[in-house]
Amino acid sequence: MTRQLRAGVLRLGGLFNRERRDRELAEELESHVALHVEDNLRAGMTPEAARRDAVLKLGGVESIKEQVRDRRGVPGLEHLARDLRFGARMLRKDPSFTAIAVLTLALGIGANTAIFSVVNAVLLRPLPFPQSERLVLIWATNAESGRTDDVASYPDFEAWRAGSKSFENMAAFTTRGMILAGGDQAEDVAAVQATPGFFETLKIQPALGRTFRPEESEAGASHVALLSDGAWKSRFAGRVDVVGRTFRGNEETYTIIGVMPPGFKFSPNEVEQIYTPLVRDPSRGHGFLRVLGRLRPGTQTAAAQAEMDVITSRLAKEYPKTNERVGARIVLLVTAMVGKGRTGLLIFLSVVAVVLVIACINVAALMSARSATRQRELTVRSALGASRKRLLQQLLTESTLLALAGGLLGLLLASWGTRLLVALLAQSFPIPRLENTHIDGWVLLFTLALSLVTGILFGSVLAVPAASPDLNEVLRESSRTATEGAGGRRARSLLVIAEVSLALILLSGAGLLLKSLLVLRNTAPGFSTENLLTVDFSLPKNKFSNTIERSGFFTNMLARVAALPGVRSAALVADLPLGGGSDSLGFHIAGRPDPAPDGAFSASFNIVSAGYFHTMAIPLRAGREFTERDSVGAPGVIVVNDTAARTFWPGGDALGKQITVPGAGDSGTLTVVGVTGDVRQRSLGSAPQPEIFLNYAQPGPAWPWLVLVVRTTGDPAALTGAIRNMAQSVDRNVPVSRVRTMDDVLSGTLAQPRVYTLLLVFFATLALALAAVGLYGVVSYTVTQRMHELGIRMALGAERGDVVWLVLRQGLSLTLTGTVIGLAGGLAVTRVLTHLLPGVQPGDPLTLSAVALLLIGVALAASYLPARRGSRVEPVVTLRYE
Amino acid sequence: MKDTEPKADVWQGTLALMALKTLETLGPLHGYGIARRIEQTSGDLLSVNYGTLYPALLKLEQEGYIASEWGVSDNNRKAKFYKLTRAGRKQLEKQAREWERTTGIIARFFAPEGRS
């Protein structure tokens, strides 16, 4: 053992001072021969015979030297070092190739690193709870509505908790706003209501005080609350004696029992400030809970899911009325938290993967073109006895060297690009933990692994065929001016075709997203967004328990706002257009049977005040809008939109028709007094639905919030402060939660498509640029190869145009093949993205032909440059090469 | 190189042992001398390739069984001389014992039936 160690150390030492040792060996062998010759002479041989015999008996000197060298050092290491040195020399020798290859790889690897670092922060890094990998959310599923992330009812949650053994702990919660009174103005803050055991499931202790006791969730129990660290610091100045103090929330008094530690945050969107116990709701039909579970150590999600399936099917039998189609679905908490952003991230991850594949193909094609000229070198090495393994090793070392250089540069690009990416993604929609994105050990490891895989991948594409040259053929072929075999040409053509078609797939996706965004931008929302201010109110429930109280407050406020200087008109609406949706209303049409025995007519409904359509500049198609005279005592009236009028009264005679809505108006009978233009109520991308407008001044469904819309003469943002003060002076118990200009609302709804489009267009452009570089490289190489032939052609009278066309044709045929494949791929892929493309057909022919033409144009330019070079050949010069 | 033939290792081992024995018998000696001696004693075994001795000598030196230094031969020629170290002497004894045991076993194995 020690002997081997000693030998090993000496061998490592043998890596140095090689020249001296080589010299010494040579001297030793020389003296060996000399001694032998002397002996032979003494034995009576002639000098020539003596020398010949000595050398013969010694054997091949070079082979001995090689064996001694191998024994002296560590052959693998030495070969690697030699390959590295040689590879670096080869790369230095051809700086333009190296620069292009490294930059290409850097872009591909950098894009992947940037996206991965976001995925790492958002999806992969564990949540800040102990053993967070065991935390899951248990969604209700509803086979009827098709929802897989529905809320559960309290009795269902209790049955799940009691019936399952897979969970160490289970708790339910919901997020709601809480109106905090006190101070100058009431405020609407985010709050979490949770069952006792919620913090225990998360395994988080409060920084101060205690968590909920089981009895505190019973109805009528005294109100207790925990504060978030932020609320504690901002509202109670971080006082240690805060436990036991009280505050007013939702018109009730709460006693503070504890404070959560800094950084604790559960709601993915708004940062919650208050935690209160959730009160049991015995209704099995009322879903409002999200259920959090902690799996027992060692329990697999699948096993827990199987158990939940058993429980839910039992509940379905026991309570068929409410639970027949209700199931449960277990999702890891970390996945559930990311929500919508996950799809986007995964899409971008695959997009950058495609970019990297293109980058790989690109470098492979360039290297292949180069390796053709090196074929001779490889053949000679092979003929001199280099084994296939050694050649392969050498080529792979070179490609890995390139990839590592690319990875290093890519890391630099990514560290800069990640910041940009995070800033951009933050605009699209709330992604929890996005702000934690940074380059950590995992990201570094990812980049390193990616670089190595990349290097080996594109290296082996060429190295495998190149390392086993057919000696005869290559030597024969290269005896003339080196033209390479058909194999390399074909391989390179395939690579370029693949590259072009992948680039086109990305381009189609980007083109369709862009078109969709343009369509959305040009979609008229149905009202004027200019100089419009919106103010969100929440009404405390008890203080404003009926229509008269509510409309009293709002009428008062409307009058004061309308009197402000700079205000043209003001009105109220329950659901602001572009706000994501509205509730639906079942109703009967007078004098007409219901569409189904147990189903009434159904339409979206909205509640608006007098002057709403005027203020929003929504055109009236017929009749009138609500006025001050349509009050509590007056006959119940409604306004319908165009679509509703056409849907329910196709004859065009909606005016004066009556519907009945249980509980609305005096008798529940409402008369249509006006028809207005359609408005994009949900979003710019969704087509208008039938919509019925109820009058806020008349009895109807409860509406605890309203949005004030104010049309101003000048910049609406300038009025923000005045309107806030105005609302405050009407009633300091009513919080103003948000003041936004309508232009902000509009651009907010476009933020996500804009970010998606921007990113995809960026990556697709990158892909296009890479494909162009690849094509340029390959065509340019061919021109170099064919210089001689082109020279002959020109000598024989070919025009420049002929030569240009000859070369262009090659690039064009590759591009066209790639285009056809890419279009087919693009059609298939974008079909999957349909839901991201409102307003556009996935196979939109205009967009697809536009991107295909763009690609062909760029490809022509990329092949024209080398073609022109080819046509400038002086025949005499090339022929002289012979 | 390494992957020529499996019997190379055996041959290298044998060669090393013979070199050690030679150095024990004849004292410090240069490579040519060792090769000649092995050829004389082993008949034709080493007749073609004296060269194969040098990697074996390097290995022995790295393992510390022999040491080398440049010196002058009987007829005034500069040559590299190898000599046995103490470790080499011990190694030789050990190897010789093992060799005897092995040859003993093999001899008995091949002995004609009925005579054991």
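Reader: How many residues of chain B are in contact with residues of chain A?

Author: In this predicted model, 23 residues of chain B are in contact with 22 residues of chain A, where contact is taken as C-beta atoms, placed from the backbone, that lie within 7 Å. Residues are numbered from 1 along each chain as its sequence is written, and chains are lettered from A in the order in which they are written. Local features need pLDDT of at least 70 and side-chain atom pairs count only at pLDDT 80 or more, whereas totals for chains, interfaces and linings use all residues.

Reader: Which element gives the most to the side of chain B that touches chain A?

Author: Helix 3 of chain B does, with five residues, a helix being a DSSP run (H or I) of at least four residues, just as a strand is a run (E) of at least two, both numbered from the N terminus.

Reader: Why is Arg629(A) called exposed?

Author: A residue is exposed if 12 or fewer other C-beta atoms lie within 10 Å of its own, buried if there are 20 or more, and partly exposed in between. Arg629(A) has 10 C-beta neighbours inside 10 Å, and therefore counts as exposed. Arg629(A) is found in the loop between strand 17 (620-623) and strand 18 (637-641) of chain A.

Reader: What makes strand 18 of chain A largely enclosed by the rest of the structure?

Author: Five of the five residues of strand 18 of chain A are buried, so the strand is largely enclosed. Val637(A), Val639(A) and Asn641(A) point one way, while Ile638(A) and Val640(A) point the other way.

Reader: How do you know that strand 18 of chain A pairs with strand 20 and strand 21 of chain A?

Author: Two strands pair if DSSP finds at least two bridges between them. Five bridges join strand 18 to strand 20 (residues 669-676) of chain A, and these two run parallel; the bridge partner of Ile638(A) there is Val672(A). Three bridges join strand 18 to strand 21 (residues 691-695) of chain A, which run antiparallel, and here Val640(A) stands opposite Ile692(A). Each count meets the requirement of at least two bridges, so both are pairs.

Reader: Which residues have the most contacts inside the largest nonpolar core, and why is the core said to lie between two domains?

Author: A nonpolar core is a set of buried Ala, Val, Leu, Ile, Met, Phe, Trp, Tyr and Cys residues joined through C-beta atoms within 7 Å. The largest has 116 residues, and those with the most contacts inside it are Leu572(A) and Leu708(A). Domain 2 (144-324) and domain 4 (544-732) of chain A both give residues to this core, so it lies between them; the domain bounds come from an automatic or database assignment.

Methods:
Two residues are in contact if their C-beta atoms, placed from the backbone, lie within 7 Å.
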